[in-house]
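Biologist: Could you pull up the model, so that we can go through it strand by strand?
Modeller: Here it comes.

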Amino acid sequence: MAGGFLVSGAIGALLTAALPAQPSPSSIVDPPPDRIVIDVATVNGSGCPKDTTALAVSEDNTAFTVTYSQYIAQVGGGAPPTAARRNCQLSLVVHVPHGFTYAIASADYRGYASLAPGATGTEKASYYFQGSPQTAARQHDFGGPFDDNWQATDETDWAQLVWAPCGVQRNFNINTELRVARGNSAPGATSYMTMDSTDGNISTIYHLAWKECPET
């Protein structure tokens, strides 16, 4: 290799309440010249078995991509009941250049779904800070018949971005989930949902915004 991560106004309100008061960073700036480093503290879940997850940071420090290779939820076709829901929780440590802070401006989720008539699929993402009992989530639902690529975007207005507190290191947790329900689809019908990219892997892209921290 999926605090100031934010993908919705509702998450903004939650994270504002969860964080202690911090000096406000200055105006939004271009990405810092130094590369950011993101370490994966832990990765767990039925959608991301060991050695099936990777993370890469863009060269311009404006985004990072989480890639999976075995993330699929399925019903029918002999799949066990537990296959109807898959999830992956990432705990990330983000090291940013000195004097800067960051926020997640948006998150793009992409995949493929084959849903029989009457079946449904759901993509959900939850976000929370280490040590906080509060969790915020966004959900996108799809209904059958559906047999195509899908895309979902969580985003927030610039004015509502919540920034990582300056000078404080906190793990940030992202828990993604795929669910497929048989609904009233025909007996024996198979439905599934993945986050496949064009190369057959699963990619989730998180877009970063940057500010300078106030001088102390």
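Biologist: Which residue in β4 is the bridge partner of A54?
Modeller: It is T67 that A54 of β3 pairs with in β4, and since this is a predicted model, please read everything that follows as computed from predicted coordinates.

Biologist: How many bridges join β3 to β4, and do the strands run parallel or antiparallel?
Modeller: The two strands run antiparallel, with 5 bridges joining β3 to β4, the latter covering residues 63-68.

Biologist: And what sits in the turn of that hairpin?
Modeller: There are 5 residues between β3 and β4 in the hairpin, and N61, in the turn, has a positive phi of about 65°.

Biologist: Which residues of β3 are on the covered face, and which on the uncovered one?
Modeller: T53, L55 and V57 make up the covered face, whereas A54 and A56 belong to the uncovered one. In a regular strand the side chains alternate between the two faces of the sheet.

Biologist: What about β5, which side chains are buried there?
Modeller: In β5, residues 72-75, A73 and V75 point to one face and are buried, while I72 and Q74 point to the other face and are not buried.

Biologist: Which strand does β5 pair with?
Modeller: β5 pairs with β12, residues 191-194, in the antiparallel sense and over 4 bridges, and within that pairing Q74 has Y192 as its bridge partner in β12.

Biologist: Stepping back, how many helices and strands does the chain have?
Modeller: The chain has 1 helix and 13 strands, and read along the sequence the helix is followed by the strands, in the pattern α-β-β-β-β-β-β-β-β-β-β-β-β-β.

Biologist: OK, new topic: which cysteines form a disulfide?
Modeller: C48 and C88 do, with their sulfur atoms 2.2 Å apart, and this is the 1 disulfide that the structure holds. The link is right-handed, with 100° about the S-S bond.

Biologist: What does the link of C48 and C88 tie together?
Modeller: C48 lies in the loop between β2 (37-44) and β3 (53-57) and C88 lies in strand β6 (residues 85-95), so the pair ties together parts that are 40 residues apart in sequence.

Biologist: Are those two buried or exposed?
Modeller: C48 has a relative accessible area of 3% and is buried, and C88, at 0% relative accessibility, counts as buried as well.

Biologist: There's a D51 in that loop too; what is its phi?
Modeller: D51 has a positive phi of about 70° although it is not a glycine; the residue is found in the loop between β2 and β3, and with a relative accessible area of 70% D51 is exposed.

Biologist: Where is the cis peptide bond?
Modeller: The peptide bond from G144 to P145 is cis, with omega near 5°, and P145 lies in the loop between β9 (136-143) and β10 (146-155).

Biologist: Now the core: which residues touch the most other members?
Modeller: In the largest nonpolar core, which has 39 residues, I38, F64, Y109, Y127, W150 and Y206 touch the most other members. Strand β7, residues 100-115, gives the largest share of this core, with 7 residues. In soluble globular proteins, nonpolar side chains tend to be buried together.

Biologist: How many aromatic pairs does the search find?
Modeller: A search of the whole structure finds 7 aromatic pairs, and F142 with W150 form a tilted one, at 5.4 Å centre to centre with 55° between the planes. Both F142 and W150 are buried. Separately, F64, Y109 and Y206 form one aromatic cluster.

Biologist: Last residue from me, R179: what does it touch?
Modeller: Leaving aside residues up to four places away in sequence, R179 touches A73, A84, R85, T120, G121, T122, Q139 and M193. R179 is found in strand β11, residues 172-181, and at 31% relative accessibility it counts as partly exposed.

Biologist: How far apart are R179 and M193?
Modeller: They are 7.6 Å apart in space, C-alpha to C-alpha, and 14 residues apart in sequence.

Biologist: And overall, what share of the residues in the chain is buried?
Modeller: Buried residues make up 48% of the 216 residues, while the chain exposes about 10,100 Å², of which carbon and sulfur atoms supply 49%.

Key. Residues are numbered from 1 along each chain as its sequence is written. This is a predicted model: local features need pLDDT of at least 70, side-chain atom pairs count only at pLDDT 80 or more; totals for chains, interfaces and linings use all residues. Side-chain values use heavy atoms; hydrogens and water are left out. A disulfide is a pair of cysteine sulfur atoms within 2.5 Å. Buried means under 20% relative accessible area, exposed over 50%, partly exposed in between (1.4 Å probe, protein chains only). Accessible areas come from the Shrake-Rupley method with a 1.4 Å probe; for residues, only the protein chains shown count as cover. A nonpolar core is a set of buried Ala, Val, Leu, Ile, Met, Phe, Trp, Tyr and Cys residues joined through side-chain atoms within 4.5 Å. Two strands pair if DSSP finds at least two bridges between them. Rings of Phe, Tyr and Trp (its six-membered ring) pair if their centres lie within 6.5 Å; planes under 30 degrees apart count as stacked, over 60 as edge-to-face and the rest as tilted. Contact means heavy atoms within 4.5 Å.
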